[in-house]
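Student: Please take a close look at the charged side chains in one part of this model. I would like to know where they pair and what surrounds them.

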Amino acid sequence: MIITIENAIINKLKEDFIDFEIHSCPVDFDLQTIEFTSPKGCILIRYEDETIEAQQTLTAVNSNSKYNFTILMALRYFQH
């Protein structure tokens, strides 16, 4: 489920930010060492956590859950 949601976010961002590299955030992510080749920048998506609401009934298993993602955008800065 998480990968499906993450892929949907990536596909939507690819539509809106055409010249950017868009990837899932690596597990060993370090902002100081990230390298990207896109002339404009890159976007990284990272799954943070899930929030599950308490069940509201005793007669059925029913609860809502929210998946939280962080989107990090690194931009290139060119001064002419």
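Tutor: What follows starts with the whole chain and then turns to the charged side chains.

This is a predicted model, in which local features need pLDDT of at least 70, side-chain atom pairs count only at pLDDT 80 or more, and totals for chains, interfaces and linings use all residues. Numbering runs from 1 along each chain as its sequence is written, and side-chain values use heavy atoms, with hydrogens and water left out.

The protein has one helix and three strands, taken as DSSP runs numbered from the N terminus (helices H or I of at least four residues, strands E of at least two). Along the sequence the pattern is α-β-β-β. The radius of gyration, taken over C-alpha atoms, is 17 Å, well over the 12 Å that the globule rule (2.2 Å times the number of residues to the power 0.38) gives for 80 residues, so the protein is more spread out than a compact globule. The C-alpha trace spans about 65 × 25 × 20 Å along its principal axes. Of the 80 residues, 19% are buried, where buried means under 20% relative accessible area, exposed over 50%, and partly exposed in between (1.4 Å probe, protein chains only).

Now the charges. Lys and Arg count as positive and Asp and Glu as negative, while His and the chain ends are not counted. With each charge placed at NZ of Lys, CZ of Arg, CG of Asp or CD of Glu, the mean positions of the 6 positive and 12 negative charges are 7 Å apart. Side chains of opposite charge can pair when their charged atoms come close. A salt bridge is counted when a side-chain nitrogen of Lys or Arg is within 4 Å of a carboxyl oxygen of Asp or Glu, and by this rule there are four.

Two of the pairs share Lys12. Its side chain meets that of Glu15 at 3.9 Å, N to O, and that of Asp16 at 3.6 Å, N to O. Lys12 and Glu15 both lie in helix α1, three residues apart, about one turn of the helix. Asp16, also in helix α1, is four residues from Lys12, again about one turn. Together, Lys12, Glu15 and Asp16 are linked in a network of salt bridges. Within this network, Glu15 is exposed at 55% relative accessible area, Lys12 is partly exposed at 45%, and Asp16 is partly exposed at 46%.

Another salt bridge joins Asp19 and Lys40, at 3.5 Å, N to O. Asp19 lies in the loop between α1 and β1 (21-24) and Lys40 in the loop between β1 and β2 (41-52), so this pair ties together parts that are 21 residues apart in sequence. Both ends are partly exposed, Asp19 with a relative accessible area of 41% and Lys40 with 43%.

Glu6 gives another picture. Glu6 is in helix α1 (residues 2-16). This residue is buried yet has no salt bridge, and the nearest side chain of opposite charge, Arg46, is 9.1 Å away. Apart from its neighbours within four places in sequence, Glu6 is in contact (heavy atoms within 4.5 Å) with Ser24, Ile45, Tyr47 and Phe69.
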